[in-house]
Amino acid sequence: MKSTSAAISILTVVLLFLSGTIIFAQDDLKDHRSCSICGMDRKEYGFSRMLVHYEDGGTTGVCSLNCAVIELAVNKGRKVKALLVADRDSRTLIDAEQAVWVMGGKKPGVMTQRPKWAFGYPAAAGVFIEAYGGKVVSWSEALVAAREDAARDIR
C-alpha cells in the first residue's frame, strides 16, 4: 500500500512537471510573436509555427518548418534540446520527431511550394489527407524535403 502511494505521488509530480513544460511551450507567442527568419506573424500562422529550444537555454520561434531549417542551418554550432511544432488542427506545440507528418496535397504550404504539416494523431492526419491529399511521411523525410526546398529557394 505504501509503495502504491509513493508511486502515485511520484507520477503526480512528473505529470505536473510535464504539464508545466507544455503550458510554458504554448506561451511561445508572447516571447516570439514574429518569425525570426522571415518576420511573419506566428500567431496568424499558429498552425505551422515551430519553437526551437537550444541546450544553452535560448529559444527561437519560427513560422514554419522551412524557416526552422534555415534557423538551424544558421545556428549549426548550437545544440538543439527540443524542436516543437504546432499540431495543424489544435495549434498545440508537440515534439517534431513524434508528430505525424503529411507532405504534399492541395493545401498550400507555409514558406514552401511542397507543403509539410504536423499532426498529433494519425487519425487527424488521415482526415486531412482525405480532404486535401498528400501522404504520411516520417520526420526524417519531412526534414530532408524541407532542407531540399529551402536550398532550392535560396538559389
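Student: Which residues lie nearest the centre of the largest cavity, and how many line the cavity?

Tutor: The largest cavity is lined by 17 residues, and those lying nearest its centre are Ser48, Ser64, Leu65, Lys116 and Trp117. Please keep in mind as we go that this is a predicted model.

Student: How should I read such a feature, and how many cavities of 30 Å³ or more does the structure hold?

Tutor: The general idea is that rolling a probe the size of a water molecule over the atoms shows where empty space is left. In this structure there is 1 cavity of 30 Å³ or more, and the volume of the largest cavity is about 140 Å³. The elements that contribute two or more residues to its lining are α3, β3 and β6, with the largest share, 3 residues, coming from β6.

Student: What is the make-up of the lining of the largest cavity by class?

Tutor: The lining of the largest cavity has 11 nonpolar and 5 polar residues, together with 1 charged residue.

Student: Since β6 came up, are the residues on the two faces of this strand buried or exposed?

Tutor: To read burial, one takes the relative accessible area of each residue, and a value under 20% counts as buried. In strand β6, which spans residues 116–119, both faces are covered: Lys116 and Ala118 are buried on one side, and Trp117 and Phe119 are buried on the other. Across the protein chain as a whole, which has 155 residues, 37% count as buried.

Student: How many bridges join β5 to β6, and do the two strands run parallel or antiparallel?

Tutor: Strand β5, residues 100–103, is joined to β6 by 4 bridges, and the two strands run antiparallel. If you wish to find this pairing on the model, start from Met103, whose bridge partner in β6 is Lys116, and recall that Lys116 is also among the residues nearest the centre of the largest cavity.

Student: What lies in the loop between β5 and β6 that I might examine?

Tutor: Lys107 lies in that loop, and so does Met111. Lys107 has a relative accessible area of 25%, so this residue is classed as partly exposed. If its neighbours within four places in sequence are left aside, Lys107 is in contact with Arg88, Pro115, Trp117, Phe128 and Tyr132. For one of these partners, Phe128, the separation from Lys107 is 21 residues in sequence and 9.4 Å in space, taken from C-alpha to C-alpha.

Student: And Met111, what is its phi value?

Tutor: Phi of Met111 is near 65°, which is a positive value in a residue other than glycine. Because its relative accessibility is 35%, Met111 counts as partly exposed. Another residue to read in this way is Arg91, in the loop between β3 and β4, where phi is likewise near 65°. Arg91 is partly exposed too, with a relative accessible area of 37%.

Student: In what order do the strands of the open sheet stand?

Tutor: The open sheet has 4 strands in the order β2-β1-β3-β4, with antiparallel pairing. Its edge strands are β2 (59–62) and β4 (93–95), each of which pairs on one side only. With direction ignored, neighbouring strands of this sheet are turned against each other by 25° on average. Strand β1, residues 50–54, is joined to β2 by 4 bridges, and within that pair Val52 stands opposite Thr60. Helix α3, residues 65–74, packs on the sheet and touches β1, β2 and β3, its direction making about 25° with that of β1.

Student: Turning to pockets, which residues line the second largest pocket?

Tutor: The lining of the second largest pocket consists of Leu72, Val80, Lys81, Ala82, Leu83, Asp95, Ala96, Glu97, Trp139, Leu143 and Arg147. Two or more residues of this lining come from each of β3 (80–86) and α5 (139–154), and β3 supplies the largest share, 4 residues. By class the lining has 7 nonpolar and 4 charged residues and no polar ones, while the volume of this pocket is about 160 Å³.

Student: Finally, how many helices and strands are in the protein chain?

Tutor: The protein chain has 5 helices and 7 strands, which run from the N terminus as α-α-β-β-α-β-β-β-β-α-β-α. To read how far apart in sequence the contacting residues are, take the contacts with a separation of 6 or more: residues 24 or more positions apart account for 57% of them.

Terms used
Residues are numbered from 1 along each chain as its sequence is written. This is a predicted model: local features need pLDDT of at least 70, side-chain atom pairs count only at pLDDT 80 or more; totals for chains, interfaces and linings use all residues. Side-chain values use heavy atoms; hydrogens and water are left out. Buried means under 20% relative accessible area, exposed over 50%, partly exposed in between (1.4 Å probe, protein chains only). Two strands pair if DSSP finds at least two bridges between them. On a 1 Å grid over the protein atoms alone, a cavity is a set of points where a 1.4 Å probe fits but cannot get out, and a pocket is an open set with protein on both sides within 12 Å along at least five of seven lines; lining residues have an atom within 4 Å of a point. Grid points are joined across faces, edges and corners, and a volume is the space filled by probe spheres set on the points. Ala, Val, Leu, Ile, Met, Phe, Trp, Tyr, Cys and Pro count as nonpolar, Asp, Glu, Lys and Arg as charged, and the others, Gly among them, as polar. Axes are lines fitted to C-alpha atoms, for helices over the stretch in contact, and angles run from 0 to 180 degrees between N-to-C directions. Contact means heavy atoms within 4.5 Å.
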